Amino acid sequence: MSLQEVSSTATLLPIEFTPLLKRTRWGGERLGTQLHKLIGVEGDFGESWELSDHPQAPTLIAGGAYAEWTLSQLIQKNPSALYGAGTFYETFPLLIKFIDATDRLSLQVHPGESDLGKFDATYSGKSEAWVILDAVEGSRIFAGLKAGVNESQLREHLEQGSVEECLHSYRVQRGDAVYIPAGTLHAIGEGILLAEVQQTSDLTFRLFDWGRLDQSGNPRPLHVAKALDCINFERGPVGLLQPQLLASGEHQIEELLESEYFSIRRHHTRESISLASPNQAQILIVLEGTGQLDCGAETFEMLEGKILLIPAATSDCQIHVDGEITFLEVMPT
């Protein structure tokens, strides 16, 4: 359907997307077995890009009046219905992924907005947050440098292959959450399945790859100079987020994060609830349980791994639960 065939005043219902599934050397099967993605028979699916307006990897709307459209097309045609009055982003500012890491990911850093001019980059900076969906016993997150580690010390340990001695790390379990601001050296440890909320950018600089070699016996490319140029050496260790309880009882609400780029609240409810309309776009990420989102005459399934974009113009929605359900509510800020 072309842009001209849909009125700019068309009502926007909740939007589902067709995920982009990516195979990686460190991927596994949990995107299919736990999150219900239609992976193939291979056991190395590492990422599912669920909602993306990145120009090199946009997700397509899965159905409805805007089926097969990208978010950029929808923004071009109907921005106020998506974002709400007084808000506009030419590119949708958030990218949502699931990551299944059966092996440790490389040690890397993402630049912030202040770094982009150094690299002739046209995308935003990349701050991100993780919510752990599954973790084998002993799984660790690497987040930031140990207190007092400076650039010269990090360089020395890089040369010696002992960089792990400089890193702040900790074990994680299901339900834990961490915020990785741009400029933070980090890595996802082996055995972790997580949901990732990030700025719309895929700019990553790999500092260290744990001495691994590819199938040809060669190391993967590193970006040491650029990575060191982006690291915030003043930040130090980055710990787990501490949820703030906003509401208790049958419908519990926790605030996980309120950053300059996005906010994340976690809802756990045993009763049907009305979905508040904050007059801005919001994203629902189902972590556990099942239910239905009813908006007018339309019903949308909610189960673990489901992502729904709720436009600002969507109203009168109810969430009906099958026993109980846990989901994230994410909004750009």
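Trp-49 has its place in strand 3, and in this predicted model that residue makes a convenient point of entry. With a relative accessibility of 3%, below the 20% under which a residue is called buried, Trp-49 counts as buried. Its side chain makes a polar contact of 2.6 Å with the side chain of Glu-47. When neighbours within four places in sequence are left aside, Trp-49 is in contact with Pro-19, Leu-20, Lys-22, His-54, Ala-57, Thr-59, Leu-95, Ile-96, Lys-97 and Asp-202. A separation in sequence can also be set beside a separation in space here, since Trp-49 and Tyr-83 lie 34 residues apart along the chain and 21 Å apart from C-alpha to C-alpha.

Glu-47, the polar partner of Trp-49, leads on to the largest pocket. That pocket holds about 420 Å³ of space, and its lining is made up of 21 residues, of which Trp-26, Glu-47, Leu-105, Gln-108 and Thr-204 are the closest to the centre. Several strands take part in the lining, with at least two residues each coming from strand 2 (20-28), strand 3 (45-51), strand 5, strand 7 (128-135) and strand 11 (186-188). Sorted by class, the lining of this pocket comprises 9 charged, 6 polar and 6 nonpolar residues.

Gln-108, one of the residues closest to the centre of the pocket, is also joined to Ser-106 through a polar contact of 3.0 Å between their side chains. Ser-106 itself sits in the loop between strand 5 (94-101) and strand 6 (107-109). Is Ser-106 buried or exposed? Its relative accessibility is 5%, and therefore Ser-106 counts as buried. A further polar contact, of 3.4 Å, runs from the side chain of Ser-106 to the side chain of Arg-206. Not counting residues up to four places away in sequence, Ser-106 touches His-186, Ala-187, Arg-206, Phe-208, Asp-209, Trp-210, Arg-212 and Arg-220, so that Arg-206 appears both as a polar partner of the serine and among the residues that the serine touches.

From the pocket one can turn to enclosed space. A search of the whole structure finds 1 cavity of 30 Å³ or more, and the largest cavity contains about 30 Å³ of space. Gly-144, Leu-145, Gly-183, Thr-184, Leu-185, Ile-231, Asn-232, Arg-235 and Gly-236 form its lining, which divides by class into 5 polar, 3 nonpolar and 1 charged.

The cysteines form the next topic. A disulfide is a covalent bond between the sulfur atoms of two cysteines. How many disulfides does the structure hold? The structure holds 1 disulfide, which joins Cys-295 to Cys-317 with an S to S distance of 1.9 Å. This pair links distant parts of the chain, 22 residues apart, with Cys-295 in strand 18 (residues 282-295) and Cys-317 in strand 21 (residues 317-332). The torsion about the S-S bond of Cys-295 and Cys-317 is about 115°, and the disulfide is therefore right-handed. Cys-295 counts as buried at 3% relative accessibility, and Cys-317 is buried with a relative accessible area of 3%. Cys-166, by contrast, is in no disulfide, and the nearest cysteine sulfur, which belongs to Cys-230, is 18 Å away. Cys-166 is nonetheless buried, with a relative accessible area of 2%. Cys-230 is likewise in no disulfide, the nearest cysteine sulfur being that of Cys-166 at 18 Å, and Cys-230 counts as buried at 5% relative accessibility.

Two further residues complete the tour. His-267 is placed in strand 16 (residues 262-269) and, at 8% relative accessibility, counts as buried. The side chains of His-267 and His-251 are joined by a polar contact of 2.9 Å. Apart from its neighbours within four places in sequence, His-267 is in contact with His-251, Gln-252, Ile-253, Ile-325, Thr-326, Phe-327 and Glu-329. Gly-64, for its part, is found in the loop between strand 4 (60-61) and helix 2 (71-77). Is Gly-64 buried or exposed? Its relative accessibility of 64% lies over the 50% mark, and Gly-64 therefore counts as exposed. Between Gly-64 and Glu-304 there are 22 Å in space, taken from C-alpha to C-alpha, while the two residues are 240 residues apart in sequence.

Key:
Residues numbered from 1 in each chain as written. Predicted model: local features only at pLDDT ≥ 70, side-chain atom pairs only at ≥ 80, totals over all residues. Heavy atoms only, no water. Helix = DSSP H or I, 4+ residues; strand = E, 2+ residues; numbered from the N terminus. Buried < 20%, exposed > 50% of the residue type's maximum accessible area, 1.4 Å probe, protein only. Polar contact = N/O pair within 3.5 Å; in protein donor to acceptor, adjacent residues only side chain to side chain. Contact = heavy atoms within 4.5 Å. Disulfide = S-S within 2.5 Å. 1 Å grid on protein atoms, 1.4 Å probe; cavity = no way out; pocket = protein on both sides within 12 Å on 5 of 7 lines; lining within 4 Å. Points joined across faces, edges and corners; volume = space filled by probe spheres on them. Nonpolar A, V, L, I, M, F, W, Y, C, P; charged D, E, K, R; others polar.
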